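Hi,

Here is the structure I said I'd pass on. Have a look at it first, and then read my notes underneath.

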Amino acid sequence: MIVELFIPAIIVLLAGTIFPILTASLDRRSVRTISLSCTIVGSILLVSLSLLILLYGEPVYFTLFQPLPAFSLSFVIDRLAAFFLLIIAVVSSCVALYFTEYIEHIAGSNRRNLLCGCTNLFILAMVLVVASANTISFFLFWEVMAASSFFLVMYEYSQQNTAKAGIYYFVMTQLSSLFILLGIIILYLTTGSFDFLPLTTTASAPLITVAFLALFLGFSIKAGIIPFHKWLPYAHPASPSPVSALMSGVMLKIAVYGLVRFLLDVFTPDLWWGVLILAAGTASAVLGVIYALKEHDVKGMLAYSSIENIGIIFTGIGLSVIFTASNLPLLATLSLLGALFHSLNHAMFKSLLFLTAGSVVSATRTRNIEHMGGLAPRMPVTSALFFIGAVSIIALPPLNGFASELLIFISFISSVSVVDPLFKILLFICLSLFALTSALSAACFVKAFGSIFLALPRSPESAAAKEVPLTMLIGPGILAAACILLGVCALQIFATVGFTVPLPDMLLVSLLLLGMSVLTYVVLYFTASREVRVSETWGCGTLSQQASAEYSGHGFSEPLDIIFSAIYRTRTINERIFFDQKNCIFKEGTGEIRLLKVFEEYLYRPIAQQSLKVAEGVSRFQNGCLDTYLLYVFVTVIALIIFLGWFA
Amino acid sequence: MIETAIVVGIIRILFVGIIITAAYIISTRNLLSVVSVYALQSLTLVCIALALYSLEGSIVLLAIAVVTFISKVIIIPYFIATIQEKIRIKRDIEFHYLSPTSSLLISMALMMVIYMALARIVEGTPVRESLFFFGAVLGISLMLMGMMVTFSRKRAITKVLGFLSMENGVLLFGMFVTELPFIIEFLIIIDLIILVILTTILSVGIDSTLEDYHKRLHRFHLLIEPEEVS
């Protein structure tokens with residue numbers, strides 16, 4: 001049954017990939033619609049398949065193709081894989097629905113067909129990565145995923161920012177693949193098999209530790225854990241919004257899936273592994289949201305917020321590893337459930353936010369939130385959808401962000417009484433940072449929603465913005481419904497899949513909340529005065545109120561800027577040119593205070609410069625002169641003779 | 001038949017001849033004589049093959065001698081001489097990495113190293129003092145000396161001669177150590193002839209087009225100095 005659903009889904013997605021590429025010369029809407037319908041059909045098949053497995057199923061194992069005895073393209077769909085397949089499928093179908101209309105409004109004529117094909121390939125690769133039963137096919141599809149997502153990022157290749165984003169993304173993603181390949185090879189050397197099998201040797205063996213570190217690094221780079229996060233804030237603003245939604249909502253989760261899969265199925269983790277993951281997660285969560293606060297590009301802000309949420313997910317995984325290593329299986333399950341549930345929730349609300357942000361950007365033609373404003377009356381449905389996403393992401397009850405963050409909080413708090421005193425301190429520090437993260441992310445999205453949708457428009461484009469067509473609202477609408485459903489029915493959903501979690505019954509809470517609001521409204525309706533007053537908001541006595549006098553996003557985040565000024569390092573640039581040589585008569589000058597890109601300037605650039613130096617040194621050996629190569633051959637032959645004579 | 005000791009003595013003398021020709025090819029600046037010396041080296045190889053034939057009586061050696069004589073003593077030197085006439089280069093004075101003196105010193109050291117290395121490899125076996133051991137050492141040395149010519153000279157024509165000299169080294173090694181099948185030896189020689197013919201076509205062709213090019217440059221006053229003929 002499962003295989004009968006899986007194979008058609010793969011075939012449909014493959015058809016959706018190949019068809020628009022074959023008809024790339026036809027710039028027709030129908031081609032793109034057919035391709036994206038394939039995505040939707042494939043996703044629906046995958047949703048039903050994964051729900052079947054999650055609710056009833058036993059793991060299914062099957063081999064598609066076996067070219068060599070040691071290597072096969074085999075797939076296994078167990079509950080973990082099915083869970084991630086569900087994430088991929090739901091987000092992909094909503095994104096595809098949105099894309100059918102969105103793609104007609106972007107530039108690129110024929111290239112749009114290729115964009116459809118590449119999107120389908122990207123989704124297909126992610127599905128196959130998750131379903132892979134051995135590390136070789138895992139890596140193979142991982143590379144396909146990396147390559148196709150690179151093409152998606154490079155869609156608007158003629159823009160300068162895109163080229164930079166593309167290079168960043170390509171280098172980082174290949175680095176990630178490199179580390180993963182290293183980990184896989186080391187695992188193969190220790191076990192002699194490419195399957196996801198539990199290691200028989202203990203975790204403390206040095207080779208195993210190296211394998212874990214390599215895999216952890218690889219997945220962290222792909223997931224955007226600080227300090228490997230730099231590609232996210234470049235790649236997301238550069239790529240089309242639905243692609244950002246897919247990359248942020250789903251692709252980052254594939255890295256999470258990889259980490260969880262290896263930790264659960266292959267390794268027997270050490271305690272310090274958990275501490276490492278926890279530390280990386282907490283650091284990403286806090287720094288991610290702090291950088292998000294400072295960002296005024298709406299998609300850049302969402303990218304930093306993704307870093308924060310991935311940090312939260314890693315925190316949950318780290319806690320789970322720590323509890324497993326300290327023999328607390330219940331707590332381990334709880335925190336892992338929290339992490340996985342947050343993965344699902346983040347996929348929902350982040351793709352919702354990216355899609356609605358895409359609508360806003362295409363309506364206002366700018367990504368800078370300072371140039372937006374006043375969109376709530378102009379785009380009411382979009383603003384309502386964005387509001388639901390924002391409320392979810394800042395974890396307000398009864399929406400889904402609250403449920404998953406609460407799970408992680410509960411496991412934090414209940415662990416404090418059972419672990420060593422030293423760990424207590426660590427966990428308390430992480431807990432307080434985690435709480436800070438939630439508060440800051442609330443501030444961040446209040447700022448975003450306020451600046452984008454409320455008050456008066458701050459640019460003519462924003463004033464002329466119109467609501468997007470219905471097809472661009474259905475996809476986000478489904479995601480918003482999912483956000484509400486996953487939050488309200490969290491307890492019931494966990495019960496259905498067979499887990500009892502110490503969550504409050506959000507259904508009851510939300511019914512109470514709803515009842516309270518209805519009651520308040522009714523009371524106000526009957527008691528308040530019906531007199532209508534038309535007047536301007538008080539504006540400090542100015543005669544005419546202008547949009548420029550509004551409380552801007554910068555102004556909103558200013559207090560937080562001051563609090564975290566130690567983290568927002570600035571660089572003062574002061575260049576002056578003088579008329580005379582003794583620098584007395586001033587001619588002209590530029591002064592600038594800009595935010596220091598700490599990681600870029602102190603980590604990425606030095607590494608890049610060192611690699612360039614090494615590359616220059618190596619390239620000197622490769623000078624294009626025949627004589628030099630003959631000399632190399634000569635020296636090699638002599639060395640071989642000497643080796644044979646004296647050492648062999 | 002001639003006595004074995006005499007034949008062995010003759011072969012030893014011919015070995016010395018090969019070393020001298022190789023040293024000459026490495027060090028000389030006169031292009032015309034390099035070709036004659038190459039022909040002489042090949043002739044020496046023919047003599048060695050004949051002498052070996054008189055020792056062993058293998059018909060393959062006779063065939064090798066015949067083929068080598070026709071190809072390497074007559075045809076290839078003839079072609080190269082044709083090239084030299086066409087391109088009017090008489091002297092080769094540009095060197096890369098190694099000057100002739102240092103090439104000579106290095107090739108001496110090389111022979112020592114190869115002798116010692118091979119001696120360690122065949123330690124304790126009866127071949128240690130035999131003619132075949134010297135043949136092997138000399139073959140490898142000749143090959144490496146040819147290689148030194150290919151990377152230390154700048155002119156393509158000398159590079160080709162270095163390559164041909166390398167092949168002579170392989171042939172020498174093959175005659176003494178391994179029983180190279182005759183067909184392979186024959187194929188190598190055909191390859192060599194093709195290489196030389198290609199060089200002929202290329203150098204004559206390039207030269208003519210170069211002249212055309214120079215004419216054009218002169219016409220547009222882009223090239224002031226006269227064409228260099230060295």
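Below is what I found, starting with how far to trust it.

Keep in mind that this is a predicted model. The model's scores are ipTM 0.81 and pTM 0.78. For chain B, the average pLDDT is 80, and 81% of the residues score at least 70. As a rule of thumb, predicted coordinates shouldn't be read in detail where pLDDT is low.

Now for the cores. Which residues touch the most other members of the largest nonpolar core? They are A:Leu85, A:Ile88, A:Met126, A:Val127 and A:Val130, out of 191 residues in that core. The biggest contribution to this core comes from helix 12 of chain A (residues 329-364), which puts in 19 residues. There's also a second, separate core with 48 residues, among them B:Ile83, B:Leu98, B:Leu138 and B:Ile157. In general, nonpolar side chains tend to be buried together in soluble globular proteins.

If you want one residue to click on, try A:Val127. Setting aside neighbours within four places in sequence, A:Val127 is in contact with A:Leu13, A:Leu46, A:Leu85 and A:Ile88.

Next, where do the chains meet? On one side there are 13 residues of chain B, and they are in contact with ten residues of chain A. Two elements of chain B give two or more residues to its side: helix 4 (100-121) and helix 5 (131-152). Helix 4 of chain B gives the most, with six residues. And what is that side of chain B made of: nonpolar, polar or charged residues? The split is ten nonpolar, two polar and one charged.

Have fun exploring!

Key. Residues are numbered from 1 along each chain as its sequence is written. Chains are lettered from A and ligands numbered from 1 in the order in which they are written. A nonpolar core is a set of buried Ala, Val, Leu, Ile, Met, Phe, Trp, Tyr and Cys residues joined through C-beta atoms within 7 Å. A residue is buried if 20 or more other C-beta atoms lie within 10 Å of its own, exposed if 12 or fewer, and partly exposed in between; C-beta atoms are placed from the backbone. Helices (H or I, at least four residues) and strands (E, at least two) are DSSP runs, numbered from the N terminus. Two residues are in contact if their C-beta atoms, placed from the backbone, lie within 7 Å. Ala, Val, Leu, Ile, Met, Phe, Trp, Tyr, Cys and Pro count as nonpolar, Asp, Glu, Lys and Arg as charged, and the others, Gly among them, as polar. pLDDT is the predictor's confidence in each residue, from 0 to 100.
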